[in-house]
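Got the viewer open? Let's take a short walk through this one, selecting a piece at a time.

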Amino acid sequence: WTDSPVIQLHGMKNHLKTREVELKSANQKFETIFDNSPIGIIYFNMYLIIESYNNKLAKLLEIPLNNEMVGQNINVLPIYKASEEQVSMAIKTGIEATFDSPSFSNPDKYLRINIVPIVTEEQQNSGAIVTIEDITTQKKNYDLKIQTQIAVKASESKSLFLANMSHEIRTPMNAIIGLSHLMNMTSLNNKQQNYLNKINSSAKLLLGIINDILDFSKVEAGKLNLEIASFNLEKMLMDINNIFSFTAAEKQLEFILYLAPEVPHFVKGDELRLKQIIINFISNAIKFTNDGEIEVSLKLKSKEKENLYLTFEVRDTGIGMNKDQQAKVFGAFSQADDSTTRKYGGTGLGLSISKKLVELMDGEIRLESEPNVGTTIIFDAKVGFAEETSRKMYLTSDDLKGTKVLVCDDNATSRMVVSNILKSFSFESLEFEDGEQLLS
């Protein structure tokens with residue numbers, strides 16, 4: 001009797017009821033997804049009549065919510081005429097289309113419109129689904145990226161040009177300096193000699209500025225490479241001493257150089273650039289110090305299998321800097337403040353170039369300063385080991401080992417440096433700051 005039409009009809013009703021519940025549940029899920037989609041969605045039939053759209057689309061196009069515009073033609077929507085033509089073409093051809101367009105209601109807002117034609121099983125076009133997404137942020141980021149790339153390329157081209165002009169710019173300046181020097185050796189009256197001396201000093205000053213700008217341009221253009229060769233650190237420091245000892249003495253400043261005993265004298269690196277960094281720092285130290293001392297020290301930081309790291313310190317007792325001034329002192333074309341530039345002059349490039357050179361040497365640079373107390377610039381640099389081809393060895397004879405030595409100097413740093421040197425020879429040093437202490 002289970003095959004009776006009545007039983008079969010009852011079972012069919014139950015099955016249809018179950019399917020109805022399932023379809024209703026599926027439809028609710030679809031509507032939930034449709035309404036909560038992060039992109040706008042709208043459905044047109046083949047006659048470009050609006051069938052449905054979600055609330056996200058309504059917000060993007062600023063039209064009424066809850067499908068209030070269903071049944072109306074596409075031309076009521078605030079999108080460009082091109083959009084209407086694209087939708088129509090996609091329905092006719094069955095080919096997807098994507099394009100970007102400013103929003104009709106807000107030209108600063110950019111929308112990405114994607115058109116997907118709906119094709120039935122009979123291969124007939126029955127409409128299209130259009131998704132609209134706000135791409136304003138992406139577009140602005142992309143435009144900014146393009147503008148940045150253009151600006152960087154322009155800056156690189158400028159730096160490359162200056163780097164390549166290095167020889168052409170320096171040569172005539174060196175000729176002016178050389179010829180003025182030769183002319184100064186001829187018979188001149190006092191007025192002519194005065195003028196010529198001013199020409200020579202001004203030309204040297206201008207050459208220094210040009211060198212700073214060209215070096216900075218080379219660094220910016222990635223054209224500045226280190227030339228690695230063996231050199232003598234002790235000799236390099238003595239050369240620096242010869243450059244600055246007279247200038248420091250003219251300002252009545254103590255000028256102290258200290259090479260720690262553990263530092264090897266011969267290393268591999270770029271002596272010219274290393275010397276340039278130290279000279280920059282010492283020049284600033286002397287420029288901004290009116291009394292007291294300048295100390296330059298070189299110590300060993302660490303050793304590796306093939307390389308070693310050296311720590312250089314240039315300390316002065318000059319005008320110092322506050323925190324705000326320290327923050328911008330390594331910037332290009334900047335000094336501590338505008339008054340510094342007016343009073344002391346300079347391009348403000350020396351420290352910036354030095355910082356980049358230190359980074360090329362796999363080192364880092366640090367600054368410690370306090371107003372009216374002084375400034376210490378510390379930097380590390382990586383160098384290689386080199387064979388010591390020729391070096392004087394100072395050995396203490398057995399009968400002098402442990403000898404007591406009296407060290408008298410009114411400068412505490414000088415006493416410390418001399419005492420450390422004496423200790424390296426096994427001597428025992430006693431320090432005094434004046435003659436009366438020493439005699440007593």
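Start by selecting residues 271-287, which make up helix 8. This is a predicted model, and in it the helix runs for 17 residues, spanning 24 Å from first C-alpha to last, close to the 24 Å expected at 1.5 Å a residue.

Now show the side chains of helix 8. Which of them are buried? The list takes in R273, L274, K275, Q276, I277, I278, N280, F281, I282, A285 and I286. Notice that charged residues R273 and K275 are on that list, along with the polar Q276 and N280.

Next, step back to D270 and add L272 to the selection. D270 caps the N-terminal end of helix 8, with one of its side-chain oxygens 3.3 Å from the backbone nitrogen of L272.

Time to move to helix 6, residues 190-220. Pick out I213, which sits in this helix. Is I213 buried or partly exposed? It's partly exposed, since its relative accessible area is 31% and the buried class stops at under 20%. Keep I213 selected and add L205, L206 and I209: together these four make a nonpolar surface patch of about 320 Å².

Finally, zoom out to the whole chain. Colour by secondary structure and you should find 13 helices and 14 strands. Of the 440 residues, 36% count as buried. Switch on the surface: the accessible area comes to about 27,100 Å², with 54% of it belonging to carbon and sulfur atoms. As for contacts with a separation of 6 or more, 61% are between residues 24 or more positions apart.

Notes. Residues numbered from 1 in each chain as written. Predicted model: local features only at pLDDT ≥ 70, side-chain atom pairs only at ≥ 80, totals over all residues. Heavy atoms only, no water. Helix = DSSP H or I, 4+ residues; strand = E, 2+ residues; numbered from the N terminus. Buried < 20%, exposed > 50% of the residue type's maximum accessible area, 1.4 Å probe, protein only. Contact = heavy atoms within 4.5 Å. Areas by Shrake-Rupley, 256 points an atom, 1.4 Å probe, with all protein chains shown as cover. Expected span 1.5 Å × (residues − 1). Polar contact = N/O pair within 3.5 Å; in protein donor to acceptor, adjacent residues only side chain to side chain. Patch = residues over 30% accessible without salt bridge, like charges linked within 9 Å, V, L, I, M, F, W, Y side chains within 5 Å. Salt bridge = Lys/Arg side-chain N within 4 Å of Asp/Glu carboxyl O.
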